[in-house]
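Work through the short exercises below with the structure in view. Try each task before reading its solution.

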Amino acid sequence: MSTVKVSLTVNGERHELDVEPRLLLVHLLRDRLGLTGTHVGCDTSNCGACTVHLDGEGVKSCTVLAVQADGGEVKTIEGMASADGTLHPLQEAFWNDHALQCGYCTPGMIMSAADLLKRNPNPSEEEIRHGLEGNLCRCTGYHNIVRAVQDAAKGAGDTTAAPPPPAAGRENAEAVAQGIKP
């Protein structure tokens, strides 16, 4: 099969790759770039586990062809933490508010919540629930997820104010930062 050259910036790093025209962005991220925090949950755009930011907007990467991202800027869950490893306020709030269980949906939830908070920095509970309705969680019941987004919006998820997780549980917080299932 023929290939097409695509050039995109992912988490601040420029990549030029030859891809099949039918390759989905989620598979480029996971299989070609090794960014496995972006999860494939359904391949039908129902679950939101594959949500990333493309040119600053939340998108389900299982519905975007890699060639459509040519020239674009992509941010994945791996790009949310700062360069020194400090968790993003949403990641910290998800940790502090116990807004994850199995962790599979967490990267997509965080990416969708970040998109929501960029557009609406002070959403109501109803607006948060509406903003996340494209993301499915089969474990939590959403209460703690909504609370984490509220806390991040209020600044309660600010990493300068939150105590670090206990050493015995730090590996789970680091897994959340990388979008890895704890």
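**Exercise 1.** Find what share of the residues of the protein chain count as buried.

*Solution.* This is a predicted model. Start with the chain length: 182 residues. A residue is buried when its relative accessible area is under 20%. By that cut-off, 46% of the residues count as buried. Now turn to the surface. The protein chain exposes about 8900 Å². Carbon and sulfur atoms supply 48% of that area.

**Exercise 2.** List the elements of the protein chain in order from the N terminus.

*Solution.* Count by type: the chain has six helices and five strands. Then read along it: β-β-α-β-β-β-α-α-α-α-α. Next, look at the contacts with a separation of 6 or more. Of these, 59% join residues 24 or more positions apart.

**Exercise 3.** Locate the largest nonpolar core and say which helix gives the most to it.

*Solution.* Nonpolar side chains tend to be buried together in soluble globular proteins. Here, the largest nonpolar core has 23 residues. Leu90, Phe94, Met109, Leu132, Ile145 and Val149 have the most contacts inside it. Helices H2 (89-96), H3 (106-119) and H5 (143-154) each supply at least two residues of this core. H3 gives the most, with seven residues.

**Exercise 4.** Which residues does Ile145 contact, leaving aside its neighbours within four places in sequence?

*Solution.* Contact requires heavy atoms within 4.5 Å. With those neighbours set aside, Ile145 touches Phe94, Ala99, Met109, Leu132, Cys137 and Thr140. Finally, look for a second core. A separate one has 17 residues, including Leu17, Val19, Leu28 and Ala66.

Technical notes: Residues numbered from 1 in each chain as written. Predicted model: local features only at pLDDT ≥ 70, side-chain atom pairs only at ≥ 80, totals over all residues. Heavy atoms only, no water. Helix = DSSP H or I, 4+ residues; strand = E, 2+ residues; numbered from the N terminus. Buried < 20%, exposed > 50% of the residue type's maximum accessible area, 1.4 Å probe, protein only. Areas by Shrake-Rupley, 256 points an atom, 1.4 Å probe, with all protein chains shown as cover. Core = buried A, V, L, I, M, F, W, Y, C linked by side-chain atoms within 4.5 Å.
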